[in-house]
Amino acid sequence: MSHQKDLTVDLHFEERGAGLPLIIMHGLFGSLANWRTVAQSLSSRYRVINVDLRNHGRSPHVAGLHYDAMAADILRLMDRLGLERAHLLGHSLGGKLAMLLADREPERFSRLVIVDIAPKAYPPWHKDVFAALDAVDLNNLESRAQARDQMAKYVFEPEVRAFLATNLEQKNGQWRWRFNLPELKAAYKHISDMPDLAGFYAGPALFVRGAQSAYIEPADEPVIIRDFPKSCIVTLQRARHWPHIEDAKGFLDTVSRFLSRGCQGVAST
């Protein structure tokens, strides 16, 4: 489905390293800043392109946050950088986007790493997050710590509040969100759904899930294998929805072995 208002934008990104290209795409409410440590580690072997998706981080704020538009943004960035093929790593929202890109343009993506998300629609699990964001009084805010306190009524986990508060910035003495909150709200039902996949991606695909996360359930495994027949699923026991933070060593070790050797390099769990 096309959306006329979803004009392709030039994404903000950071690039480091040399070798085979690897594109990293963050999740909802995130930014490339959440993935800098991973990008730095992987840049010893790969040319890492760490991106801010539209309406996130320092990428343009525009009308629309539809999967077709986000996919077009990534392909445009690849064309700008002269990348014919790349590895693709996506977390949560970025993982769904990675699945769509590989399904639509399989010849352009060598290997997929999908982090704690399955190819399915999800219930509105982020209503508390939106309520917490709305509770922050930007006009009278004095610090990120105060914002974290204001969010506490709706989001109990301190680490989630801290993650959200990293998106606050000051400009001309006024606090604002780096992400485009109105567009995230407007598109939330769409991005909670799963875009239709035309067929199946026949390249190697690694699904990394946190053992303490509900995002990839046992019932999802047959669907993953159906849509990604050369996939493997690795569970990190100490992780929840942010395996790259909650088990950074296990995550990097698993991803590095997969990128170099495919699913033969990792043991599915």
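Buried here means under 20% relative accessible area, exposed means over 50%, and partly exposed is whatever falls in between (1.4 Å probe, protein chains only). The model is predicted, so local features need pLDDT of at least 70 and side-chain atom pairs count only at pLDDT 80 or more, while totals for chains, interfaces and linings use all residues. Residues are numbered from 1 along each chain as its sequence is written, and side-chain values use heavy atoms, with hydrogens and water left out.

Helices (H or I, at least four residues) and strands (E, at least two) are simply DSSP runs, numbered from the N terminus, and two strands pair if DSSP finds at least two bridges between them. On that footing, seven strands make up an open sheet with mixed pairing, in the order S1-S3-S2-S4-S5-S8-S9. At its edges sit strand S1 (13-16) and strand S9 (231-236), each of which pairs on one side only. Direction ignored, neighbouring strands of this sheet are turned by 15° against each other on average. Axes are lines fitted to C-alpha atoms, for helices over the stretch in contact, and angles run from 0 to 180 degrees between N-to-C directions. Within the sheet, strand S4 (residues 86-91) runs parallel to strand S5 (residues 109-115), and the two pair over five bridges. Leucine 88 has leucine 112 in S5 as its bridge partner.

Two helices that pack on this sheet come next, with contact taken as heavy atoms within 4.5 Å. Helix H2 (residues 67-81) touches S1, strand S2 (20-25), strand S3 (46-51), S4 and S5, and its direction makes about 135° with that of S3. Helix H3 (residues 93-104) touches S2, S4, S5 and strand S8 (205-210), with its direction at about 145° to that of S4. The 12 residues of H3 reach 17 Å from the first C-alpha to the last, close to the 16 Å expected at 1.5 Å a residue; the expected span is 1.5 Å times one less than the number of residues. H3 is largely enclosed by the rest of the structure, because 11 of its 12 residues are buried. Leu93, Gly94, Gly95, Lys96, Leu97, Ala98, Met99, Leu100, Leu101, Ala102 and Asp103 are the buried ones, and the buried residues of H3 pack against S2, H2, S4, S5, helix H8 (188-192) and S8.

On to charges. Side chains of opposite charge can pair when their charged atoms come close. Counting a salt bridge as a side-chain nitrogen of Lys or Arg within 4 Å of a carboxyl oxygen of Asp or Glu, a search of the whole structure turns up 21 of them. In one of these, arginine 36 meets glutamate 14, with the closest N and O atoms 2.7 Å apart. Arginine 36 lies in helix H1 (residues 36-42) and glutamate 14 in strand S1, so the pair ties together parts that are 22 residues apart in sequence. Arginine 36 is partly exposed at 37% relative accessible area, whereas glutamate 14 counts as buried at 19%.

Arginine 104 and aspartate 68 also form a salt bridge, at 3.2 Å from N to O. This pair links distant parts of the chain, since arginine 104 is in helix H3 and aspartate 68 in helix H2, 36 residues apart. Both partners are partly exposed, arginine 104 at 43% relative accessibility and aspartate 68 at 23%. Lysine 189 and aspartate 193 meet at 3.5 Å, N to O; here lysine 189 is exposed at 62% and aspartate 193 partly exposed at 29%. Beyond single pairs, Arg58, Glu169, Arg176 and Arg178 are linked in a network of salt bridges.

Arg176 and Arg178 turn up again around asparagine 167: leaving aside neighbours within four places in sequence, asparagine 167 is in contact with Phe29, Gly30, Arg176, Trp177, Arg178 and Phe179. Asparagine 167 sits in the loop between helix H6 (158-165) and strand S6 (168-171) and is buried, with a relative accessible area of 3%. Its side chain reaches the backbone oxygen of phenylalanine 29 at 2.8 Å.

Finally, two strand residues make a handy contrast. Leucine 20, in strand S2, is exposed at 54% relative accessible area. Not counting residues up to four places away in sequence, leucine 20 touches Arg45, Tyr46, Arg47 and His87. Isoleucine 233, in strand S9, counts as buried at 7%.

Note on methods
Polar contact = N/O pair within 3.5 Å; in protein donor to acceptor, adjacent residues only side chain to side chain.
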